[in-house]
Amino acid sequence: MNKMDRLLAIVLELQRNKMLRAEDLAATFETSVRTIYRDIQALSEAGVSIIGAPGQGYSLIEGYFLPPVSFTLDEAVTLLIGTDFIEQRFDAHYGNKARSSKAKIEAILPEAIRSEASQIRKSFRLFASAEDIAPIQEKACLEAIRGAILEGRKIRFRYSKRIAEADGNRQSIRTVAPYGLVLHHGSWVLIAWCELRQDIRHFRLSRMRELINLEDEFILPADFHLEVYQPPDDRNVHVLILVQADIADKVRESNNFYMETIEEHAEGLLVTFRVREPGELLQWVLGWGGGMVVLEPVSFRDQVRNEIEIMLKRY
């Protein structure tokens with residue numbers, strides 16, 4: 001990064017943060033503290049309103065804003081593609097903001113860059129099938145939960161588990177403190193503290209019904225950071241499946257979340273899955289028909305066989 005780019009970047013960093021030390025800026029831009037001192041001096045001489053507090057760092061004077069910045073061609077294309085993604089995958093509020101942002105970005109671009117950016121975007125397509133685009137009900141949940149997170153309030157909803165409990169029940173009422181939202185494998189998932197389970201749990205928005213925002217407030221734990229959060233991996237059961245050669249390529253492309261290893265075999269593929277319980281794979285295995293044979297565990301083989309026998313009786 002040359003000096004001029006770094007000076008601009010320093011101002012942008014100070015706009016995003018109330019106070020930054022020279023050491024912080026040096027680490028961000030991979031340079032020396034002495035260089036940062038010289039950069040701050042250069043910015044001050046150029047009229048940028050920077051103040052320094054001994055032992056605390058640098059900040060911009062209240063009310064100072066950097067004049068509008070220009071975008072390179074690649075930066076403009078990146079931003080426009082980003083607005084396309086947000087419009088498709090987020091709720092109506094951010095979808096509308098994405099459209100207005102797109103219009104503003106296109107309006108301020110010089111004609112030459114706008115024309116070239118348009119041409120480049122035509123060579124890319126952010127494809128979303130009907131299954132990929134969140135349904136209206138899910139987007140409504142997304143908007144309500146987003147509001148609850150920002151306001152620090154709990155929510156309550158009826159939740160349908162994919163696999164039933166021992167008593168056959170799949171429905172439960174959950175009251176949770178919403179910590180954050182994650183777009184995982186094309187589906188929105190809420191990370192929240194569940195009062196019923198007294199632990200952090202994950203909830204797919206597509207399985208929520210009757211969601212209401214409560215007046216009860218919550219405080220996000222100081223040690224919880226969504227950007228570094230890693231859920232405990234409790235998938236301790238291994239399932240071994242023989243995949244017939246005629247569907248081997250399709251199974252590879254399916255990119256099943258539970259798939260661990262794939263080995264070439266004379267009859268096709270030997271695929272190992274790691275799950276919490278084999279039932280998580282039941283519908284997926286049945287969906288491939290006779291193209292798959294469960295080898296291990298035996299209990300899961302029996303479960304698949306029993307399901308097939310039930311199907312036969314109905315036909």
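Q: How many of the eight residues of S10 are buried?
A: The model is predicted, local features need pLDDT of at least 70, side-chain atom pairs count only at pLDDT 80 or more, and totals for chains, interfaces and linings use all residues. Residues are numbered from 1 along each chain as its sequence is written, and side-chain values use heavy atoms, with hydrogens and water left out. Strand S10 (strands are DSSP runs of E, at least two residues, and helices are runs of H or I, at least four, numbered from the N terminus) is mostly covered. Buried means under 20% relative accessible area, exposed over 50% and partly exposed in between, with a 1.4 Å probe and protein chains only; the number of buried residues in S10 is eight.

Q: In which order do the four strands of the open sheet lie?
A: Strands pair if DSSP finds at least two bridges between them. S8 (residues 237–244) and S10 (residues 268–275) are paired over eight bridges, while S9 and S10 are paired over six. The pairing in the sheet is antiparallel, and the order is S9-S10-S8-S11.

Q: Which strands are the edge strands of this sheet?
A: An edge strand here pairs on one side only. This applies to S9 (259–265) and S11 (292–296).

Q: Which residue in S10 is the bridge partner of Ile241?
A: S8 and S10 run antiparallel to each other. One bridge between S10 and its partners links Val237 with Val275. For Ile241, the partner in S10 is Val271.

Q: At about what angle does helix H10 run to S11?
A: Axes are lines fitted to C-alpha atoms, for helices over the stretch in contact (heavy atoms within 4.5 Å), and angles run from 0 to 180 degrees between N-to-C directions. Helix H10 (residues 298–314) lies across S8 and S11. Its angle to S11 is about 145 degrees.

Q: Which strand supplies the largest share of the lining of the largest pocket?
A: Strand S4 (171–184), strand S5 (187–194), strand S6 (199–204) and helix H9 (282–287) each supply at least two lining residues. The largest share is six residues, and it comes from S6.

Q: Is Glu106 buried, partly exposed or exposed?
A: Glu106 belongs to helix H5 (residues 92–108). Beyond its neighbours within four places in sequence, Glu106 is in contact with Leu80, Arg114 and Arg121. Because its relative accessible area is 28%, Glu106 is classed as partly exposed.
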